[in-house]
Each structure stands twice: as structure tokens, then as C-alpha cells.
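Q: Please take a close look at the salt bridges of this protein, and then set them beside other local features of the chain.

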Amino acid sequence: MSQPEYTTAQATALTNHDRKPIHIPGSIQPHGILLALSTQLEILQVSNNTQVYLCKAPEDLLGQPLSYLLEPQPVEIVKQCLVKKVGSANAFKVLINTLYGEIYFDAIAHRTEEAVILELEPTDSEFEVSFLNFHSFATEAIAKMQSTSNLGEFLHLVAEEVQKIIGFDRVMVYQFDESEAGSVVAEVKREDLSPYLGLHYPATDIPAQARELYTRCFLRFLPDLTAEPVKLVPTENPTTHQDLDLSYCLLRSFDWCCTEYHQNMGVKALLVISIIQEQKLWGLISCHHQTPKYISYEVRKMCEFLGQIASSELAHKISHSEWDYKVKLKSLQSEFLESISQADNFIDALIKPEIRLLDLVSASGAAVCLDNEITLVGATPNIDEVRALIEWADTQVSDNLFSTDSLPKVYQEALTFKDTASGLLLLRISKIRRYYILWFRPEVIQTVHWAGNPQESMQAQADGSYTLSPRKSFEQWQETVRLTSLPWKACELDSAIALNNAIVGIVLSKADELAKINLELERSNQELASFAYAASHDLKEPLRGIYNFSTVLLEDYAQVLDDDGIECLQTVVSLSVRMETLINALLRLSQLGQAQLRLQATDLNELLNQVIDVFRASRQDSGLVDIRIPRPLPTVLCDRVLVNEVFSNLLGNAFKYNDKAEQWVEIGYLSQEEAGQGSRGAEGQGSRGAGAQGETRGITHTQCPIPHASCPIFYIRDNGIGIPHHHLETIFRLFKRLHSQEKYGGGAGAGLAIVKKIVELHNGKILVKSTVGVGSMFYFTLE
């Protein structure tokens, strides 16, 4: 059977076996008797061996009150169980008169869903183990177990102490792994027996139902695996008309599979004690004897107590063995998160220094994915492989944290990079954005020693199905395990979760800070805009007075002034005119800052015709104006008045800063598809004005500077003087001129600042490409 076939067969067989109702076998072991009682303590069911121990046939007891069999005091003890929770037990000694004489029994009464079950085991002693003897034993055992901090030594001591009490041939400590398979981690045995220490056992050896019962009933005792079980009479409970639940019964009979399994190992008596860690079944203390062997109830209770002490101490031993590692991870977390919270660049904070991101979970490589940007650290698959892995995780991984120590088993493509990523720990930081951190571990080839071939437990049936059967061989069987990495520890997963929580906290904190800053900026901007409006408006009146009085002096008193005085007054008039231009520009910007957009569907062809008509009317050389429109412009949602101003400013600048004999301007747009492909648009398909079919020269848009736009990208290009590269950003600043006031007709240097403001009010962008002496091209969008 191949490994995939075996895995499927194992899953099916386990599912079928786990459905077996082993907690309701309808029988008990023969070394005691059982009575099922009603809430009135009437005997409803008994084991079919009462004649052997009590000299009374089952039919003589059925329907009788418990007082028919026991004295008032023990009856009262049993009655107390009715007010306890299910599974709670009372244990006591009881004397019963029989035809054989007086017989002492260990009586164990426990509460069930229906009423009470009473188990009786004959005992040679009427006395319970004294507290002092029990205390002496317990104190010595606990002192030994507490004397070591080493987990391996501790488990060996546990096996030694149990073996000392019960004298079985072999006592093992058996630990479960994450897959419910297990291994022998400590062993004390008779010298002539083959060792089981270090051997692994498949999950099929102890099915889920058995493991679940071990979490409820901490001790299981089978003194003679060859003994015939004793049926209950009647088979069904008369009250419930169902099989009696024997989950908490010490005498519950054993499943045939369990019996055959242990007999194949040469075992005749079995004692199993549960080791519970954090309310889960961590492992078992499994005790084997080669011949039938009975041990008293008191001794079994000592073993159960020892198991509880071992469970309690185990938490400390595990904590101690992992403490240093956890402290190291916590220290790394603290340093790491502090650096992230203070960093401006998120990726830099994660990967510099890179070793911290890897040490956080003891990984050999990592990948940080923020949308389409992927950064690799350490030993990892390549970028394309990581990108494909993330795409797989997008659809196949629903949790924010995913880990596996065998990635190729769930993602077949990982076979190609198993050397670097057989283990994967994936952290999803955001479900809205594609934000991931992936940690990788390489393949670690392991040799596992099994107690016999685990596949032998799968038996093929005639119909092609598989059933679970006890294995017959327990000779050491080796298996080479590939495509796995070292497993991820719980504390490493916790470390990843802590990182995620911290990142979310930092992002929220940054967002809160940003919101406060934005609120403050908005308030400041409103105040600044109000101030600019008021200041510019109020400055106009005194400025107008300066201009008027200077003009009066020039007109009426020129004859009394010398040439220097007249020149000074002319300068005052010129400066006041320029000052008014600057104030008007400032006033316009402040108005834009407080303006509400009046959006409407606007045919840009109609709007542009109006702009061109006004432009031609304002120029005396309009006959030389060459304005080209390669194709009709689209209709967009915008503020018609403001967009008119955008085209007017850009068109005016295009001709203003042009010293060519033949000047031209082209106005057009790029669709989303054309912008993505770096298209040159539809040049020469049609135009308005002279020279439309002439040669098109100047800056071209082979690479659009506004990629991934969600709307058309408009452009205005010319064959003018161009703009030096180092001025491309500064030209949009208020009052920024690249030339002296005397050149190119002067101006306030506010036109492009106003254009930029209007475009941004429309949630758009504006950029420029230019080559000195060739021309310029302005791009803008209106979202």
C-alpha cells in the first residue's frame, strides 16, 4: 500500500473504529460485581456473577432495594452520590453476609446520568491504608520527582516509582504527539524483556474513543486479559431502555481489539494511568505484566494519585525546559516591537536587522508581502514561488495564522523548494490588503523507529474497504520521513500572534495620530485660508491708494520733480501694479481653499472651444496660433468653471513660454488602456487651427507618468522653451518664476499653483515632462 493509500485507509478505519461504543460494552471484568441503581436505590441491573460472590442469583436481586444487600450506613454513603455531579465517586469498605460467611468488599459508587452504579471488589482486608502510610509513600515519591528539573529524568523516576508499587514486568511512559501517534519516552522493565524505549506507535493503536475515556477516567486496570467478561442482566437499563454507560466504571470490560493487541505483545495484565496536561491527554503510564496479576484498590488509588502528582509536576518540568527559550522569544519580541513602533518605514523595521524577524520564530527564511511588494530574508524560495504560494494561501487558508511542518503535503508545488521551505508559518496581517509575513524552515530527514510496521493494523476486506485490526509484530521497524521540517512550537506560534497584535496596535495608533494631525491641519488650513482671504482683501484698499496718489503726483506735479523723483514714482506705480497681481493670486488661492465643487457632466470639447475663442480674442497674433486637438475629448464630471481655468492657464503658458518661429500646442487625452501601454495617443487624427497636418514634434508620452489611472489622463504639450529637470517640482509652488520679471511677459508666478490646486480639488494629479529647447507636456487627471 502506498503512503497516500495508507493515509486514506487509516483515516477510514479510524473513523469506523472510533464509532465503536466501547463505553457501553454490556459486560464487566469478572474480578468484581456491578449493580445499577435507580434514584430510589432500587437494583435495576446486575452483573451475571452475583452468585459467585454473594450466593444470590441476579433474579434474586433485581427489583430489590439496596438495603436488601447492605446495612444502613453504606446505603447512606451510596445515597450521597445522588447529589453529586456525574463521575463523582464515593469509595468505602463494606461487609456483606453471604452463605460463605462475611466477605469484605471495596465498594465504589459513582453518579451517572440516570442514577448510581455500585461496584464491589472482594478484598482480603477490612482496613483501608492508613493516612500515615500513604503520606509516607507520597512524600518520598514527590521528593524524588521534584529533585530533578530534567524532563527525561523526571519521567524515568515516575516509571520507577509506579513499578516499585505494583511490581509489574514493564512500566512505560508513553507520550502523544500532535497527530495522536505516540512514543515511549521512559521505561523501567525486567532485564530479559526487549526494550520499547524510543519506539513510535501509530494513532490507530489507541483510537480516539479510548483516548477520550482516559481523559474522564484516569486509571484503567485489566488484571487478566484472558478472563471471560461477565454480561449484565438485563442487557438494557429498564429505565432508559438503553445500554448502560460504563465510562467511569473500574470493572468495565475491555474491547476485543485491545485484548488481542496486548496479547500479541505477550501481556496478560495491564494497568494504565492517565497523564493530563492543561486538561488534555499528554500521555499514559502504561504497565505490562506477562502473567495475570491482581492489585488491590488501595494500591491502584496510590498509582492514580502518583499519576496526578506526575501531571502536576510535568507542567513545571515542561515549563522549566522551555522557559529559557520563551524568555528569549519574549525579549526579541519586546525589542522588535519597539523598533517597529518607532520606525517610519514598515518593511525596514521588519527586516533590518533581518536576523530578528527570523529569530522571532526560529526560522531560516522569511518573506514580507505588502500587496505586490515582496521582500525576502534569509533562505527562501524565489520571488515567483513565494508569489504563487501567497496566491494559494489567499484561497486555501482562512485563518490569520497557518502552520505546517510538511508544506508539500498540502501544497504540491512546494516539492520544488522543499530544501528551503518544507515548513511554513504564515501570518495574515490584513484581510483587506494582501499583507503577509511568511516564515520558512528547511526539510529535515528523520529516521523513525516504530514498534512494528504501523500499516499492519490496516486489514483489507473483500469489498475493498479497510478495517482496524491488532498488529501481531512489535519488532523494531524503521521509516525514513521526508518532506518535513522541525515542528513549530506553541510558543513560536504565540510569538507570531503577538507580532500580529502589535502590528495592528501600532497601525491603529499611527492612524489615530494621523487622524489628529489631519484634523489639526484641516483647522489650520481653514484658519490660514480665512486669514489669506481677509489679508489680501484688506490690503487692496491701501494699495489702491498708493497707486492712485502716485499717478496723481506723476500727472500733476511732474514739472516740480527732477528725473530721479519721476523715476521713483514710476517705480512705485509699477510695484503697486505687481503687488495687486500677487494679492489677486493669493486671494484666488484662498477662495479655492474654501470653495465647494459644483460637479456636473461637462463636454470638454465645448468647454475647450470657449477657452480657445477667448484666447484668440486676447492675442493680436491669433492668426499664428496653432492649436491641435487629435481627437474629441470625453465628457467628464467636474466643476466647469474651475476646469476652464485649468485649460486657460496651461494654454496661456504654452504659448507664453515659446520662442519658436512656428509655435504649436496639442491638447488631448489617454484612455486607461493607452496609459497602461505607454501609447502615444491619436496624434494627427484631426485638429483645430492652422498647421493641423504639419509634423508633430516635441515631448511624447511613450511612458505615462501617471500609471494605473482609473480615469482619462489629459495632456497639453508644446514646442516651447522647456523646463530644466531640477525645476520640474518647483514650478507648481506659489509665486515661483523661473525667469526675471522682464522676460516672457512677466507674471505673478501663481498660475500653475492655482492649476494644481484645482486638479487636487478634483482628487486628481498633475505632472510635467519637459526637455529644454524641445518642449513640455503637462498631464493631469480629474477623478
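A: A salt bridge is a side-chain nitrogen of Lys or Arg within 4 Å of a carboxyl oxygen of Asp or Glu. Side chains of opposite charge can pair when their charged atoms come close. In this predicted model, a search of the whole structure yields 19 salt bridges. One of them joins the side chains of Glu-161 and Lys-144, with a distance of 3.3 Å from N to O. This pair links distant parts of the chain, 17 residues apart: Glu-161 belongs to helix α6 (residues 151-166), whereas Lys-144 belongs to helix α5 (residues 131-146).

Charge also appears in another arrangement. Asp-562, Asp-563, Asp-564 and Glu-567 form a patch of negative charge on the surface. Of these residues, Asp-562 is located in the loop between α15 (490-556) and α16 (563-594).

Two details of the backbone may be added. Most residues other than glycine have a negative phi, and most peptide bonds are trans. Cys-55, however, has a positive phi, near 60°, and is placed in the loop between α2 (50-54) and α3 (58-61). The peptide bond between Val-233 and Pro-234 is cis, with omega about -10°. Pro-234 lies in the loop between β11 (230-233) and α8 (256-264).

Finally, the confidence of the prediction should be considered. The chain has a mean pLDDT of 78, and 70% of its residues reach 70 or more. Over residues 465-469 the pLDDT stays under 50, and the model has 22 contacts beyond four places in sequence for this stretch. Residues 471-477 also have a pLDDT below 50, with 35 contacts in the model beyond near neighbours in sequence.

How values were computed:
Residues numbered from 1 in each chain as written. Predicted model: local features only at pLDDT ≥ 70, side-chain atom pairs only at ≥ 80, totals over all residues. Heavy atoms only, no water. Patch = residues over 30% accessible without salt bridge, like charges linked within 9 Å, V, L, I, M, F, W, Y side chains within 5 Å. Areas by Shrake-Rupley, 256 points an atom, 1.4 Å probe, with all protein chains shown as cover. Lys, Arg positive; Asp, Glu negative; His and termini not counted. Charge placed at Lys NZ, Arg CZ, Asp CG, Glu CD. Helix = DSSP H or I, 4+ residues; strand = E, 2+ residues; numbered from the N terminus. pLDDT = per-residue confidence, 0-100. Contact = heavy atoms within 4.5 Å.
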